[in-house]
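Biologist: Could you walk me through this one? I'd like to start with how a pair of helices packs and then zoom out.

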Amino acid sequence: MTQAHSRGATPQLFERSEGVWHAAWRRFKADRVGLSSAIVVLAFLLLVLLASLGVVAKGWQAEVGVANAPPTLMGPRPPEAMGALEVPKGPNVDLSAVDPLAPRYAEIEAAAKKYQSSDSIKAKTLALGADRMGRDVLSKAVKGTQISVFVGLLAALLATLIGTVLGALGGFFGGKVGDFLEWLYNVFEAIPSILLIFAFAAVFGRGISTVVLILGLAGWTGLYRQVRAEFMKHGGREYVRAAEAIGASAYSRMFRHILPNVSHVILVRMSLLVVAFIKSEVILSYLGLGVGVEDVSWGTMLAEAQSELILGHWWQLVTATALMALFVTAFSLMADAWRDALDPKLRGAES
Amino acid sequence: MAAYILRRLWQMVPTILGVLLLVFFLFKYFGGDAAEILGGLNATPEQIAAIRQQLGLDQPVWVQLAIYLKGVVTFDWGRSWATNEAVSNLFASRLPATLTVMLPILILDLLLALPIAMWVASRRGSLADRAIMVVTTVALSISFLVYVIVGQYLFGFQLGWFPVQGWSDSVWTNLAIYAPLPVLLAVMVGVAPQTRLYRSFFLDELGHDYVRTARAKGLTENTVLFKHVLRNAMIPILTNIGLSLPGVFVGSFLIEVFFSIPGLGREILLAVNRSDYPVIQAIAVYLAVLTMVINLVVDLLFKLVDPRVVLK
């Protein structure tokens with residue numbers, strides 16, 4: 001572990017050496033790129049929190065604008081010329097002799113008066129335009145951010161949980177348990193991940209929680225491998241054997257002694273998974289295997305944007321792309337900075 | 001050598017068995033009732049019972065498993081539930097289209113990423129290096145989907161350089177007319193991560209002692225790069241290509257769906273949407289076997305490339 005030894009020439013007996021997290025935080029603070037991207041990520045997380053609490057973007061499904069209303073900066077669309085059809089000038093042909101509904105028109109009109117309908121005024125332009133149903137792209141994008149980030153984080157959490165528990169068991173116990181888990185790992189590795197995702201999607205169906213489940217179940221293998229290696233390394237170290245000597249149970253040694261010492265590795269891996277899963281969710285949603293039709297995510301927004309682009313309505317595409325690019329870039333840079341801060345040995349290595 | 005190959009093949013058996021079990025039980029217990037899917041919405045209970053009997057679904061689980069394994073061993077994958085096409089025929093007719101698109105992507109990716117990576121690695125920290133790293137970071141943060149949507153709109157629809165989509169029966173027409181746009185877009189997406197990866201491999205090699213020795217004895221920088229570093233860096237690069245080979249056979253789902261290319265990837269997606277289990281099962285097993293065989297071949301190739309490698 002990177003416990004900095006006392007710097008003085010005569011080490012004092014009771015001076016506490018700097019902890020891993022403390023040292024990492026010190027290194028992280030010095031990394032300006034990492035720090036500013038962490039702020040961007042925090043802003044996104046705040047947005048996600050507000051959106052999930054219903055403070056913002058609650059009415060994203062409301063049709064507040066005219067269909068495909070352009071962004072405010074562009075101004076309202078010029079009215080389309082209606083040259084082809086002329087409005088007839090003469091009186092309508094009298095059909096009352098053959099119209100079977102003619103005697104009942106008065107009755108129908110009286111019944112209709114019981115209901116009130118009001119035409120809501122649809123905005124001609126919206127801040128970031130509207131989609132083909134007149135829904136505000138800005139609220140949609142905020143809601144989509146919530147779902148996409150949510151899916152990425154939860155799926156990464158699930159994959160991390162599976163990978164950590166299996167990796168810890170395999171690395172710590174070895175033997176029969178280890179062999180079994182290695183076999184399981186080999187089986188999952190043998191099937192290309194995208195195919196695994198599709199096979200799971202075929203049986204589990206659609207929806208947000210399903211996407212989380214699918215991505216988590218298909219994506220734990222890399223993390224398992226690394227956690228297993230770490231647990232094998234740590235399993236024989238003195239501090240673990242000392243814990244065993246004072247009677248710590250296997251469970252306690254695994255999760256109370258070793259886990260905190262490898263948690264930085266897990267954290268770095270998990271942050272990389274978040275980015276990968278967000279990208280996967282977008283593709284899955286486009287292919288129709290992701291979130292359902294009553295939800296919105298960056299993937300469904302991009303899927304809609306394909307047909308809009310041909311008509312020249314580019315705003316939804318640009319909004320979703322920009323938000324996603326900003327979040328993914330900030331998150332990857334933050335993950336890089338975490339990796340550099342937590343595990344300087346890995347600097348420069350690509351995952 | 002022969003003993004090594006035999007042992008490796010023997011080690012594949014439990015893994016393949018595991019893949020078969022995973023696929024079988026996944027679809028058996030989570031996948032909904034096969035007979036009801038097959039019967040369709042208007043099937044009567046009698047019809048469903050008949051289908052169930054025909055497929056052996058009324059038998060105990062282990063009998064069903066035996067039927068399934070027997071089909072796998074005898075290469076009888078059965079027929080697609082949706083189209084009644086033999087699954088083996090599906091492979092033969094869909095794979096060429098996938099390879100027509102994927103092989104050029106693989107080759108172009110390598111040919112582009114390798115020189116760029118070597119060039120920036122040899123100038124680590126320079127403006128060019130940092131610029132390329134920033135560009136690749138941004139390029140990586142944009143979804144593949146956006147590249148495909150915008151690329152098709154721009155090059156196919158607005159500029160009209162390529163057909164928007166399409167496919168023909170002739171390999172040469174496909175390569176010359178229909179494949180270029182999907183290939184171009186996929187390469188645009190694939191080059192960024194590969195450049196970063198290969199750069200890290202080159203940087204790794206550049207830090208070794210033999211590079212310092214080579215420089216110390218007065219070799220030019222180019223000789224060091226091309227004769228020493230490149231050959232050593234080829235090992236992780238080849239591993240990486242070996243790992244990506246199974247993906248070539250699935251094809252890029254997104255590209256095939258987007259450009260209506262009648263390849264394996266699109267077929268899998270269709271199968272998923274139709275709950276066409278025999279097709280998904282067969283493709284999963286086939287790809288798992290292929291992955292393992294490719295891994296073995298890559299390991300054997302290492303022996304040829306690098307005499308220091310000991311096969312054990």
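Biologist: How are α5(B) and α13(B) oriented to each other: parallel, antiparallel, perpendicular or oblique?

Modeller: Keep in mind that this is a predicted model. Helix α5 (residues 87–122) of chain B and α13(B) have axes 7 Å apart and pack at an angle of about 125 degrees. Angles over 145 count as roughly antiparallel and 65 to 115 as roughly perpendicular. The angle fits neither range, so α5(B) is, relative to α13(B), oblique.

Biologist: Which residues of α13(B) make that contact?

Modeller: Let's take both sides in turn. From α5(B) come B:Leu90, B:Arg94, B:Leu95 and B:Thr98. By class, the contact has 3 nonpolar, 2 polar and 2 charged residues. On the α13(B) side, the residues are B:Leu264, B:Gly265 and B:Glu267.

Biologist: Now the two chains. How many nonpolar residues are on the side of chain B that touches chain A?

Modeller: Chain B puts 42 residues in contact with 36 residues of chain A. Elements giving two or more residues to that side of chain B include α1 (2–29), α11 (221–250) and α13 (264–273). Sorted by class, that side has 1 charged, 11 polar and, for nonpolar, 30.

Biologist: And which helix gives the most to the largest nonpolar core?

Modeller: That core has 140 residues, and A:Leu195 and B:Ile268 are among those that touch the most other members. A:Leu195 is in contact with chain B residues including B:Val250, B:Ile268 and B:Leu287. The helix that gives the most to the core, with 16 residues, is α12 (residues 315–342) of chain A.

Conventions
Residues are numbered from 1 along each chain as its sequence is written. Chains are lettered from A and ligands numbered from 1 in the order in which they are written. This is a predicted model: local features need pLDDT of at least 70, side-chain atom pairs count only at pLDDT 80 or more; totals for chains, interfaces and linings use all residues. Two residues are in contact if their C-beta atoms, placed from the backbone, lie within 7 Å. Helices (H or I, at least four residues) and strands (E, at least two) are DSSP runs, numbered from the N terminus. Ala, Val, Leu, Ile, Met, Phe, Trp, Tyr, Cys and Pro count as nonpolar, Asp, Glu, Lys and Arg as charged, and the others, Gly among them, as polar. A nonpolar core is a set of buried Ala, Val, Leu, Ile, Met, Phe, Trp, Tyr and Cys residues joined through C-beta atoms within 7 Å. A residue is buried if 20 or more other C-beta atoms lie within 10 Å of its own, exposed if 12 or fewer, and partly exposed in between; C-beta atoms are placed from the backbone. Axes are lines fitted to C-alpha atoms, for helices over the stretch in contact, and angles run from 0 to 180 degrees between N-to-C directions. Angles under 35 degrees count as roughly parallel, over 145 as roughly antiparallel, 65 to 115 as roughly perpendicular and the rest as oblique. Lists of a residue's contacts leave out its neighbours within four places in sequence.
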